[in-house]
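Work through the exercises below with the sequence and the model side by side. Try each task before reading its solution.

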Amino acid sequence: MSGNELQYIEKVFESNYIAPLGEYVDKFEESIKIYTGATHALATSSGTAAIHLALRVLGIGTGDDVLASTFTFIGSVNAILYQNANPVFIDSDNESWNLSPTLLNQYLRECKRKPKALILTHLYGMSADIEKIAEICKFHGIYLIEDAAESLGATFHRKHTGTFGDFGVYSFNGNKILTTSGGGMLVTNNKEWRNKALFYATQAKEPCVHYEHNEYGYNYRMSNILAAIGVAQMEVIEERVNKKRQIFEWYKEELSDINEITLMPELENSRGNRWLTALIFEKSDPIKVMKALESINVESRPLWKPMHLQPLFQGRQKYVDGTSEKLYEKGLCLASSTTMLKNDVKMICQTIKEYL
Ligand SMILES: Cc1ncc(COP(=O)(O)O)c(C=O)c1O
């Protein structure tokens, strides 16, 4: 927490307005718009809900193909299933570890059935090659939803991730760079779409005095209490990004003499938020390194298991070349909390070196 959260929560209680709308929901949306440059924002109960709303507003439904980064967390793609659509997983490249624009373009040239949309993830807070990807989507006439759940504060050519596509999504889940305990934000430059998303997020109530429904909706709005936390968190977003980047630099410095380690790259002209410091080992088994860290009570985690390898998606379409599989087999996320000190990083790196 940053310091002002309780004060703002108290104001919410004083107002006796703790519904999933209110002054702080508006303020939180406003702060995201000002910070990211997005024209419209909608605070939601989670990032997953925001992705679902984007698909629903874009009219994606039964039988539609939706492309998605395979190297991501399941929250990126669950909503494709909610809509009875077909996920098609596209692999990463070595330059960014994010979705490969080359594979995307190849797939779109070869495919027999044109997909409706792409859900593109900016993994671990690092920008994908987003300008190229946005251009490809435009050329082929498919919608672009940016899953920036992990990348609030990350930019490409100084423009915020989440603002290149038709929709962008941020998450404020407990583990994210900013948190409201749980929550999300949908951003777009299209006012009509934002209004439609609000309509679906509030049970699709028609504008009548009584409760009238022509369509089904969801209960996906954010509580005024959680939005108060979000407003206080937004006051320290740049501080958090700088600290995360500092932690990454400490790791880089401490591990620089180990040849078999490669850290997650940052594309030229981009600035990641370095949400988690991620790396791969050329020779060593990352799970054994993880166990060595566990022995000093330090958590680390494997990189996300690609979606096309998940049992849930067995038999689904994929367009892959082995890049994300290799990253998954060799990779590890290191402890990256903004409360960490240089000595914590030193101790972790010492343990890794001793194990190696
Ligand atoms: C890449 C990615 N996409 C989507 C989500 C889903 O966000 P939420 O947990 O807010 O539903 C998360 C995080 O949880 C994520 O890391």
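The exercises cover salt bridges, one helix and two pockets.

The model is predicted, so local features need pLDDT of at least 70 and side-chain atom pairs count only at pLDDT 80 or more, while totals for chains, interfaces and linings use all residues. Residues are numbered from 1 along each chain as its sequence is written, and side-chain values use heavy atoms, with hydrogens and water left out.

**Exercise 1. Find the salt bridge between Glu30 and Lys33 and state where the two residues lie.**

Step 1. A salt bridge is a side-chain nitrogen of Lys or Arg within 4 Å of a carboxyl oxygen of Asp or Glu. The closest N and O atoms of Glu30 and Lys33 are 3.3 Å apart, and the two form a salt bridge.

Step 2. Both residues belong to helix H2 (residues 23-36), 3 residues apart, about one turn of the helix. Helices (H or I, at least four residues) and strands (E, at least two) are DSSP runs, numbered from the N terminus.

Step 3. An α-helix has 3.6 residues a turn, so residues three or four places apart point the same way.

Step 4. A search of the whole structure finds 15 salt bridges. Glu29, Arg194 and Arg221 are linked in a network of them.

**Exercise 2. Is Asp65 buried or exposed, and which parts of the chain does its salt bridge with Arg113 link?**

Step 1. The side chains of Asp65 and Arg113 meet at 2.7 Å, N to O. This pair links distant parts of the chain, 48 residues apart: Asp65 is in strand S2 (residues 65-69), and Arg113 is in the loop between helix H5 (101-110) and strand S4 (117-121).

Step 2. Buried means under 20% relative accessible area, exposed over 50%, and partly exposed in between (1.4 Å probe, protein chains only). Asp65 has 3% and is buried, whereas Arg113 has 46% and is partly exposed.

**Exercise 3. Show where the buried residues of helix H6 lie around its axis.**

Step 1. In H6 (residues 130-140), the buried residues are Ile130, Ile133, Ala134, Ile136, Cys137 and His140.

Step 2. Seen down the axis of H6, these residues fall within an arc of 160°, so they line one face of the helix. The arc is that of the directions from the helix axis to the C-beta atoms.

Step 3. Glu135, Lys138 and Phe139 are exposed on the other side of H6.

Step 4. The buried residues pack against H5, S4, strand S5 (143-147) and strand S6 (155-156), where contact means heavy atoms within 4.5 Å.

Step 5. After H6 comes Gly141, with a positive phi near 70°.

**Exercise 4. Describe the linings of the largest and second largest pockets.**

Step 1. On a 1 Å grid over the protein atoms alone, a pocket is an open set of points where a 1.4 Å probe fits, with protein on both sides within 12 Å along at least five of seven lines; lining residues have an atom within 4 Å of a point.

Step 2. The largest pocket has a volume of about 600 Å³, a volume being the space filled by probe spheres set on the points, which are joined across faces, edges and corners. Of its 27 lining residues, the closest to the centre are Asn175, Lys244, Trp275, Leu276 and Ser336.

Step 3. This lining divides into 12 nonpolar, 9 polar and 6 charged residues. Ala, Val, Leu, Ile, Met, Phe, Trp, Tyr, Cys and Pro count as nonpolar, Asp, Glu, Lys and Arg as charged, and the others, Gly among them, as polar.

Step 4. For the second largest pocket, the volume is about 280 Å³. Its lining divides into 4 nonpolar, 13 polar and 3 charged residues.
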